Amino acid sequence: MIDTDFLKQEAEKISVHLDNEALNRFDLFAEMLVAWNKKMNLTAITEPTDIVIKHFIDSITPLSYFDIEENAKMIDVGCGAGFPSLPLLIARPDLDITFFDALEKRLKFIDAVLDELGLDGSLVHGRAEEFGNMPEFREQYDYAFTRAVAPLNVLAEYCLPFVKVNGSYISMKGADDETELGANAIKEMGGEIERVVSLKLYGGDSRNLILIRKISQTSSKYPRRSKKITSRPL
């Protein structure tokens, strides 16, 4: 399905080593993504080279720039078809990842991939603004991740309540610098922007990785209801 030599080469360029088991898992994941995509809308990216760069390499770039400790507990908020969480887990099977999404059929796809690849993960179906207030999820994670299209001031309110104090939220964004847009919401949630990495993928697409450190507990008034988050972002 995919050129695993090309994947290995591009991963090495960002100092991420993928062994043969990981490469085989990526190849199988790509096959399943394309096959399932024919019956449900998972991705517009289906060409093998694009899958390698725009899904797989893009998803694992945080491993190159941030020191993510062994066995870190992570949550992918709005995981969709499993990006960045599935590639991160394939590259780092030690990670304890929760796949969180509001659409159950996406989680069924992820569950099938995990089973086929022989990997473990937790699947949670729900809405972030509700689960972010539940004691078993609130401030329980070392890292929250998103690779999402929503603005940073909206994402911050959805994601930072999941992160424990001294943990981090990594927002994977496109070319636009949204740090100023998200600054107030991040502060309100008890976070601060620690580092922004700007990079270009193979082919020239620009990305910004925003590392937000949680320095204090999130106020109990957050997250608000979804309608307020989107209509009146902080």
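How many disulfides does the count come to in this structure? The count comes to 0 disulfides, a disulfide being defined here as a pair of cysteine sulfur atoms within 2.5 Å.

Before selecting anything, note that this is a predicted model, in which local features need pLDDT of at least 70 and side-chain atom pairs count only at pLDDT 80 or more, while totals for chains, interfaces and linings use all residues. Residues are numbered from 1 along each chain as its sequence is written, and side-chain values use heavy atoms, with hydrogens and water left out.

**Stop 1: two cysteines**

Select cysteine 79 and then cysteine 159, whose sulfur is the nearest cysteine sulfur to that of cysteine 79 and lies 12 Å away. Because that separation of 12 Å is too far for a bond, the sulfur of cysteine 159 is not paired with the one in cysteine 79. Cysteine 79 is buried, with a relative accessible area of 2%, and cysteine 159 also counts as buried, at 1% relative accessibility. Here buried means under 20% relative accessible area, exposed means over 50%, and partly exposed covers what is in between, with a 1.4 Å probe and protein chains only.

**Stop 2: cis peptide bonds**

Move next to phenylalanine 83 and proline 84, where the peptide bond from the former to the latter is cis, with omega near 10°. Proline 84 sits in the loop between strand E1 (73-77) and helix H4 (85-91); helices (H or I, at least four residues) and strands (E, at least two) are DSSP runs, numbered from the N terminus.

Then select tyrosine 222 and proline 223, which are joined by a cis peptide bond with omega of about 0°. Proline 223 belongs to the loop between strand E7 (206-214) and helix H9 (226-231).

**Stop 3: positive phi**

Serine 15, although it is not a glycine, has a positive phi of about 65°, and it can be found in the loop between helix H1 (4-13) and helix H2 (20-37). The serine 15 residue is exposed, with a relative accessible area of 64%. Asparagine 71 is likewise not a glycine and has a positive phi of about 65°; look for asparagine 71 in the loop between helix H3 (48-65) and E1.

**Stop 4: the largest pocket**

To find the largest pocket, select Gly78, Arg147, Ala148, Val149 and Ala150, which lie nearest its centre among the 36 residues that line it. On a 1 Å grid over the protein atoms alone, a pocket is an open set of points where a 1.4 Å probe fits, with protein on both sides within 12 Å along at least five of seven lines, and lining residues have an atom within 4 Å of a point.

Which elements give two or more residues to the lining of the largest pocket? They are H3, strand E2 (96-101), helix H6 (128-131), helix H7 (152-159) and strand E5 (163-173). About 880 Å³ of space lies in the largest pocket, the volume being the space filled by probe spheres set on grid points that are joined across faces, edges and corners. Coloured by class, the lining of this pocket shows 17 nonpolar, 8 polar and 11 charged residues, where Ala, Val, Leu, Ile, Met, Phe, Trp, Tyr, Cys and Pro count as nonpolar, Asp, Glu, Lys and Arg as charged, and the others, Gly among them, as polar.

**Stop 5: salt bridges**

The count of salt bridges comes to 13, each being a side-chain nitrogen of Lys or Arg within 4 Å of a carboxyl oxygen of Asp or Glu. Select aspartate 58 and arginine 207, whose side chains meet in a salt bridge at 3.1 Å, N to O. This pair links distant parts of the chain, with aspartate 58 in helix H3 and arginine 207 in strand E7, 149 residues apart. Aspartate 58 counts as buried at 3% relative accessibility, as does arginine 207 at 17%. Adding Arg147 to the selection shows a network of salt bridges that links Asp58, Arg147 and Arg207.

Turn then to aspartate 94, which forms a salt bridge with arginine 92, the closest N and O atoms being 2.7 Å apart. Aspartate 94 is partly exposed, with a relative accessible area of 22%. In another pair, the side chains of glutamate 129 and arginine 127 meet in a salt bridge at 2.7 Å, N to O; glutamate 129 counts as buried at 10% relative accessibility, whereas arginine 127 is partly exposed, with a relative accessible area of 41%.
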